[in-house]
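Biologist: Before we turn to particulars, I should like to go through this model with you, one question at a time.

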Amino acid sequence: MISIIIHTNMLPPIARQKKKSIHATSPSKTQSPTPPSATADPVSALDNNTPTRQLKATQAASIAAIIECTAASRNLIPGLADLFSSNYKPSSEDNNIDTASSTTPLYHPALPSVNAIKNATSKMINDKPPFITMSIKDTAPQLKLEDPPKINDEESSSRSEDKVDFQRQLVVKGGVKGYRMSRATQGVTSGCYYYEAVIGVGSSNNNKGGEGRGVKRSFQEENKTENVEKKQKQQNMNGHLRIGWSTREGDLQAPVGYNEHSYAIRDIKGSRVHKSQREDKWGGVSFSVGDVLGIAICLVESSNKNDTTTASIGKASCNDTEKKDTSMPDVEMTDANAEREQKISSALTNHIHFFINGKPMGENGIAFDNVNPGTYHPAISCYKQGSAQLNFGPHFVYPPQTSDIDLHPISDVCTLTPLPEEAAADKILSGDSTGKLFFSKKTDEAIKSVFKEFVKVELKARYDAHMKHLNLHRKEISALRKERGLSTDELND
């Protein structure tokens, strides 16, 4: 039997048209006609979970703009900068929230949830606080960082603003035989700055007899002789300290003053130390539990970026002090002229001052002159049970009193973001300092609007943390002054 297969292409045109019409009207293929509006607007016909290429491109461009924006303003919004890193990709896990929440201004399916933003902000307030403190990442692991002791008074215990959910880390405690270093979160490259160290705060040896805040007995018992006071100092401190300034190149597993990158004063004899060279007889004074050490640095911007001059001790370099005007006869230099020369020379060189309970050590407080240029951080090293509470301002137990230089609290390097948050957020989103714009016309306005709300959330959280810290700081300095019989009038305004 022979079967014959006839292809449709072999049929005449009329037959092919009839076959096509039969299939077109087949009952098995029947379906409702497509509305004209759907064919005219293909985007609305697609499910929301399958956006078009154009929508994907717009969202991608918006996310890229956010990554750039947060990176450029990392100092103001470090939490968002950390969350929106260069490898950020939207994840369904980020947006695990109720459907009802999707109507709030803090939600967009392409962005993290508001809870993720708050968690990132809270983490960064501890990692990179909006005020200067001792740095976790810049502290030897053998040392301990703690918050200052709580102030025990009725007013403080009853006020909710004194309760903080972040770490302040202003007390440094040792615990091992051998010096280890801790540096502050902020450093300075130019200008004159000051901070304090209250010796012995947090030490297990200064909790006897109700002296929990490191107040030595000589503050409370005025009839002690000088020799008895010195003996008491030695008994109170079961450990040692070196305090001063260090660049990031200073070795954390060594004391301040160990190499050319740091300068220090030590508790024994008030010796000054640099490059492991110690000098006892420069005018320094021993310090112990209850003493308040003042530490200042004055950095003049060097015109030579490769300047490698080494520090001289106590006064200006020989080249400066030995220059004379040979056109005039020699005259005896008066005390006033000598003081003026000292002011001029110290103003022209990088130098470091030390103070003890408000009084300058040595010659006008100057311990080091011709200090190497660099970015210097407050630094402390502890040996065994040595401990101290660092105070970076703006208020001090003993405000520095110098006639030749204008010292600023190092807390000034941490500036508050101006309020209201709306204006600050607009400024951050507007572009960087070079005029570069992050967001273009292709930006998804919904994404930009939610991101702006995120910026306001972090700005407010960091501002509130800073204000709580300042409130506690004022109370702590007030308590320390009262223990020493000092005026607190300016702190009560």
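Modeller: Let us begin with helix 11, bearing in mind that the model is predicted. The buried residues of helix 11 pack against two elements, helix 4 (53-72) and helix 12.

Biologist: Which residues of helix 11 are buried?
Modeller: A residue counts as buried under 20% relative accessible area. In helix 11 the buried residues are Glu421, Ala424, Ala425, Ile428 and Leu429.

Biologist: Within what arc do the buried residues of helix 11 fall, seen down its axis?
Modeller: In general, an α-helix has 3.6 residues a turn, so residues three or four places apart point the same way. The buried residues of helix 11 line one face of the helix, because seen down the axis they fall within an arc of 130°.

Biologist: Which residue just after helix 11 takes a positive phi?
Modeller: The phi value there is about 145°. The residue that takes it is Gly431.

Biologist: Asp426 forms a salt bridge with which residue?
Modeller: Asp426 lies in helix 11 (residues 421-430), and its partner, 26 residues apart, lies in helix 12 (residues 445-483). Asp426 is partly exposed at 36% relative accessibility, whereas the partner is buried at 17%. The closest N and O atoms are 2.6 Å apart, and the partner is Lys452.

Biologist: How far apart are the closest N and O atoms of Lys456 and Glu453?
Modeller: These residues are three apart in helix 12, so about one helical turn separates them. Lys456 counts as buried at 19% relative accessibility, while Glu453 is partly exposed at 22%. Salt bridges that share partners join both residues with Glu422, Asp426 and Lys452 into one network. The closest N and O atoms of Lys456 and Glu453 are separated by 3.4 Å.

Biologist: Is Arg266, the salt-bridge partner of Asp280, buried or exposed?
Modeller: Asp280 sits in the loop between strand 9 (277-279) and strand 10 (292-299), and Arg266 in strand 7 (residues 262-266). Asp280 is partly exposed, with a relative accessible area of 23%. Arg266 has 10% relative accessibility, and the limit is under 20%, so Arg266 counts as buried.

Biologist: How do the planes of Phe84 and Phe451 lie, stacked or edge-to-face?
Modeller: Phe84 is in the loop between helix 5 (78-83) and helix 6 (114-127), 367 residues apart from Phe451 in helix 12. Both residues are buried. The ring centres are 6.1 Å apart and the planes stand at 90°; planes over 60 degrees apart qualify, so the pair is edge-to-face.

Biologist: Which residue joins Phe84 and Phe451 in one aromatic cluster?
Modeller: The residue lies in the loop between helix 11 and helix 12, 12 residues apart from Phe451. Its ring forms a tilted pair with that of Phe451, 6.2 Å centre to centre with 40° between the planes. Its relative accessibility is 12%, so it counts as buried. The third member of the cluster is Phe439.

Biologist: Which residues touch the most other members of the largest nonpolar core?
Modeller: In soluble globular proteins, nonpolar side chains tend to be buried together. The elements that give two or more residues to this core include strand 5 (191-199), strand 6 (239-246) and strand 12 (351-356). Of its 37 residues, those that touch the most other members are Ile243, Trp245, Leu293, Phe354, Ile380 and Phe392.

Technical notes: Residues numbered from 1 in each chain as written. Predicted model: local features only at pLDDT ≥ 70, side-chain atom pairs only at ≥ 80, totals over all residues. Heavy atoms only, no water. Helix = DSSP H or I, 4+ residues; strand = E, 2+ residues; numbered from the N terminus. Buried < 20%, exposed > 50% of the residue type's maximum accessible area, 1.4 Å probe, protein only. Salt bridge = Lys/Arg side-chain N within 4 Å of Asp/Glu carboxyl O. Core = buried A, V, L, I, M, F, W, Y, C linked by side-chain atoms within 4.5 Å. Arc of directions from axis to C-beta. Contact = heavy atoms within 4.5 Å. Phe/Tyr/Trp six-rings, centres within 6.5 Å; stacked < 30°, edge-to-face > 60°.
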